[in-house]
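Please read the report below with the sequence and the structure at hand. It goes through side-chain contacts, a pocket and the overall make-up of the chain.

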Amino acid sequence: AQEPNNQEMLALSSTAALSFAGPGLAGVSSRAGGAAMVAKSKAIPFLDAPPALDGTMAGDKGFDPLLLSNVVPIQWAREAELKHARICMLAVVGWVTVDLGFTVPYAPQVSSLAAHDAAVDKGVFLGLLIPIALVEVLAGIPKCFQIMNEPDASPGGDYKFDPLGIGASAEMQEKEISNGRLAMLAFSGIVTQAALTQGPFPYTYNGVEDLVPPMQSVQGALSIL
């Protein structure tokens, strides 16, 4: 009979050791191996990394503590995020420029905070509502259906509208989503401050003094002179 070689002897020894170890130790070993394979989130290191966030999308920082990406299709979420990001980037600029004095013909001569109600009262709001509704019906809704039903659909937010050719690079896509997220937070803060203070830009109770505290002492000294 042929004698077993070293590899066969090692395999037999390992099998015998596991058989004497019992099921408990084997279970601990398998669990430890499984835990070692679970990657951690880069954004929140003490949480497991969301499976759907693999770092391939622009702006993917691995931040999803509620694991919404396990419930909502990731491309549908990106479509919604980019849409609101782009709107808020425009909204921040529009809100501030109106309060700095810029107006357009037929627009109510009021602050940005009061513009909505004033536009509704005068009936000019339809001039904005109708085009937005048409864009949403003719482009936004079909895009959502495309994302949900076509595996090879273009990514969320990609409407093939890039006349200057500046959005194709990964760097520009990263900048767009990063600035868009900032704009969504900024617009929320601007509207909240405008409603609380009822004042113009920069939407604080005491103007620029609240943003640059040393100006208070400067203005105090000037008032004395």
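Arginine 78 is buried in this predicted model, because its relative accessible area of 10% falls under the 20% cut-off for buried residues. The side chain of arginine 78 meets that of glutamate 81 in a salt bridge, with 3.3 Å from N to O. Glutamate 81 has a relative accessible area of 22% and is therefore partly exposed. The two residues are 3 apart in helix 2, so about one helical turn separates them. Arg78 and Glu81 also belong to a network of salt bridges that includes Arg181.

**Other salt bridges**

How many salt bridges does a search of the whole structure find? The search finds 8. One joins arginine 86 to glutamate 176, and the closest N and O atoms of this pair are 2.7 Å apart. Arginine 86 lies in helix 2 and glutamate 176 in helix 5, so the salt bridge ties together parts of the chain that are 90 residues apart in sequence. Arginine 86 is partly exposed, with a relative accessible area of 28%. Glutamate 176 also counts as partly exposed, at 26% relative accessibility.

Lysine 40 and aspartate 48 form another salt bridge through their side chains. Lysine 40 counts as partly exposed, with 46% relative accessibility, and aspartate 48 is partly exposed with a relative accessible area of 42%. The table sets out the three pairs described so far.

| Residue | Partner | N to O distance |
|---|---|---|
| lysine 40 | aspartate 48 | 2.8 Å |
| arginine 78 | glutamate 81 | 3.3 Å |
| arginine 86 | glutamate 176 | 2.7 Å |

**Aromatic rings**

A pair of aromatic rings is described by the distance of the centres and the angle of the planes. A search of the whole structure finds 2 aromatic pairs. In one of them, the ring centres of tryptophan 95 and phenylalanine 187 are 5.7 Å apart. Their planes stand at 85°, and because an angle over 60 degrees counts as edge-to-face, the pair is placed in that class. Tryptophan 95 is in helix 2 and phenylalanine 187 is in helix 5, which covers residues 170–197. The pair thus links distant parts of the chain, 92 residues apart.

Is tryptophan 95 buried or exposed? Tryptophan 95 counts as buried, because its relative accessibility is 13%. Phenylalanine 187, in contrast, counts as partly exposed at 22%.

Phenylalanine 201 and tyrosine 203 make up an aromatic pair that is edge-to-face, with 5.8 Å from centre to centre and 90° between the planes. Phenylalanine 201 counts as partly exposed, at 43% relative accessibility. Tyrosine 203 has a relative accessibility of 3% and so counts as buried.

A ring can also take part in a contact with a charge. The charged end of lysine 143 sits over the ring of tyrosine 159, at 5.8 Å from the centre of that ring.

**A pocket and a loop**

The second largest pocket holds about 440 Å³ of space. This pocket is lined by 20 residues, and those closest to its centre are Leu53, Phe63, Asp64, Ile74 and Ala77. Which element supplies the largest share of the lining of the second largest pocket? Helix 2, residues 74–99, supplies that share with 6 residues. By type, the lining divides into 11 nonpolar, 3 polar and 6 charged residues.

Proline 155 lies in the loop between helix 4 (126–149) and helix 5. With 43% relative accessibility, proline 155 counts as partly exposed. Proline 155 and glutamine 75 are 80 residues apart in sequence, while their C-alpha atoms are 6.3 Å apart in space.

**The chain as a whole**

The secondary structure comes to 6 helices and 0 strands. Read along the sequence, the pattern is α-α-α-α-α-α. The chain has 225 residues, and 18% of them count as buried. Tyrosine 203, at 3% relative accessibility, is one residue that counts as buried.

Conventions. Residues are numbered from 1 along each chain as its sequence is written. This is a predicted model: local features need pLDDT of at least 70, side-chain atom pairs count only at pLDDT 80 or more; totals for chains, interfaces and linings use all residues. Side-chain values use heavy atoms; hydrogens and water are left out. On a 1 Å grid over the protein atoms alone, a cavity is a set of points where a 1.4 Å probe fits but cannot get out, and a pocket is an open set with protein on both sides within 12 Å along at least five of seven lines; lining residues have an atom within 4 Å of a point. Grid points are joined across faces, edges and corners, and a volume is the space filled by probe spheres set on the points. Helices (H or I, at least four residues) and strands (E, at least two) are DSSP runs, numbered from the N terminus. Ala, Val, Leu, Ile, Met, Phe, Trp, Tyr, Cys and Pro count as nonpolar, Asp, Glu, Lys and Arg as charged, and the others, Gly among them, as polar. Rings of Phe, Tyr and Trp (its six-membered ring) pair if their centres lie within 6.5 Å; planes under 30 degrees apart count as stacked, over 60 as edge-to-face and the rest as tilted. Buried means under 20% relative accessible area, exposed over 50%, partly exposed in between (1.4 Å probe, protein chains only). A charge sits over a ring if NZ of Lys or CZ of Arg is within 6 Å of the ring centre and within 35 degrees of the ring normal. A salt bridge is a side-chain nitrogen of Lys or Arg within 4 Å of a carboxyl oxygen of Asp or Glu.
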